Amino acid sequence: MVVDNSQGEDQPLYEMVYVSLAEHAMAEAELRDLLCRAREANERHGITGLLVYHERAFLQLIEGERESVRRLFSAIERDPRHEHVDLIWEGPVRRRSFQHWSMGFVVPDGKDLRGLPGFEPDDAPSLSTVPRGEPGRRVLMTLRDQLLSKGVSQPG
Ligand SMILES: Cc1cc2nc3c(=O)[nH]c(=O)nc-3n(C[C@H](O)[C@H](O)[C@H](O)COP(=O)(O)O)c2cc1C
């Protein structure tokens, strides 16, 4: 498949979205450490994306060159800091959604999640309930749009 990379990337772009459950409730310092290392490594490997943490649930989108993304996902899958790693969407993309974020980070207020696509109105506001497939991605896109509308360059 020929991918039109309108942002001058020389490799086809690929993205993966997964949900998982933290092995324990993460302390702020643990999250900061994880994020700091991830951003450094991501910059080296041309990975961008968004990580959401809510009530022990992670939801993450990683994007970049296909092999780099797949390699990172294999490492993430083996990481003992979380379990039940469940890939909900993967595929080629024409352009990056999080071009300027070596890893954006969101800890949403549960109340705000009810308005996001992918959630039924009466759903418990837990990211572990994100259904399979596209809805997980739509939740992330909506979070991105909300952050962008606040003028955030790289949150967290
Ligand atoms: C929820 C979660 C998200 C992570 N996201 C990233 C990431 O975006 N980039 C990254 O390099 N490592 C990330 N990591 C860390 C990787 O799992 C792994 O520790 C790191 O890639 C080093 O892997 P290695 O020891 O196999 O080299 C994440 C870990 C967790 C638990």
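Here are some short exercises on this predicted model, each with a worked solution.

Residue numbers start from 1 along each chain as its sequence is written. As the model is predicted, local features need pLDDT of at least 70 and side-chain atom pairs count only at pLDDT 80 or more, while totals for chains, interfaces and linings use all residues.

**Exercise 1. Work out the element order and the sheet.**

Start by listing the elements, taking helices (H or I, at least four residues) and strands (E, at least two) as DSSP runs numbered from the N terminus. You should get four helices and five strands, running β-α-β-β-α-β-β-α-α from the N terminus.

Next, pair the strands; a pair needs at least two DSSP bridges. That gives an open, mixed sheet of five strands in the order β4-β1-β3-β2-β5. β4 (82–93) and β5 (104–106) stand at the edges with a single partner strand each, so each has one side without a neighbour in the sheet. Neighbouring strands are turned by 15° against each other on average, direction ignored; axes here are lines fitted to C-alpha atoms, for helices over the stretch in contact, and angles run from 0 to 180 degrees between N-to-C directions.

Now zoom in on one pair. Strand β2 (residues 48–54) runs antiparallel to β3, with seven bridges joining them. Within that pair, Gly49 has Ile62 of β3 as its bridge partner. Finally, add a helix: α2 packs on the sheet, touching β1 (13–22), β3 and β4, and its direction makes about 155° with that of β3. For contacts, use C-beta atoms placed from the backbone and lying within 7 Å.

**Exercise 2. Describe the shell around the ligand.**

First collect the residues, counting one as near if its C-beta atom, placed from the backbone, lies within 6 Å. There are 15 around the ligand, and Ala38, Ala41, Ala75, Asp79 and Arg81 come nearest.

Then sort them by element. α1 (28–45), β3 (57–65) and α2 (66–78) each supply at least two residues, and α1 gives the most, with four.

Last, sort by chemistry, with Ala, Val, Leu, Ile, Met, Phe, Trp, Tyr, Cys and Pro as nonpolar, Asp, Glu, Lys and Arg as charged, and the others, Gly among them, as polar. The shell splits into ten nonpolar, three polar and two charged residues.

**Exercise 3. Place Arg56, His84 and Arg137: buried or exposed?**

Count other C-beta atoms, placed from the backbone, within 10 Å: 20 or more means buried, 12 or fewer exposed, in between partly exposed.

Arg56, in the loop between β2 and β3, has 16 such neighbours, so it is partly exposed. His84, in strand β4, is exposed because it has 12. Check their backbones too: most residues other than glycine have a negative phi, yet phi is near 70° for Arg56 and near 50° for His84.

Arg137, in helix α4 (residues 134–149), has 22 neighbours and is therefore buried. Beyond four places in sequence, Arg137 is in contact with Val17, Leu61 and Trp89.

**Exercise 4. Decide where the predictor is confident.**

Use pLDDT, the predictor's confidence in each residue from 0 to 100. The protein averages 80, and 74% of the residues score at least 70. By element, α2 has the highest mean (98) and helix α3 (residues 110–113) the lowest (50). Over residues 119–133 pLDDT stays under 50, and the model has 32 contacts beyond four places in sequence for them.

Conventions. Contact = placed C-beta atoms within 7 Å.
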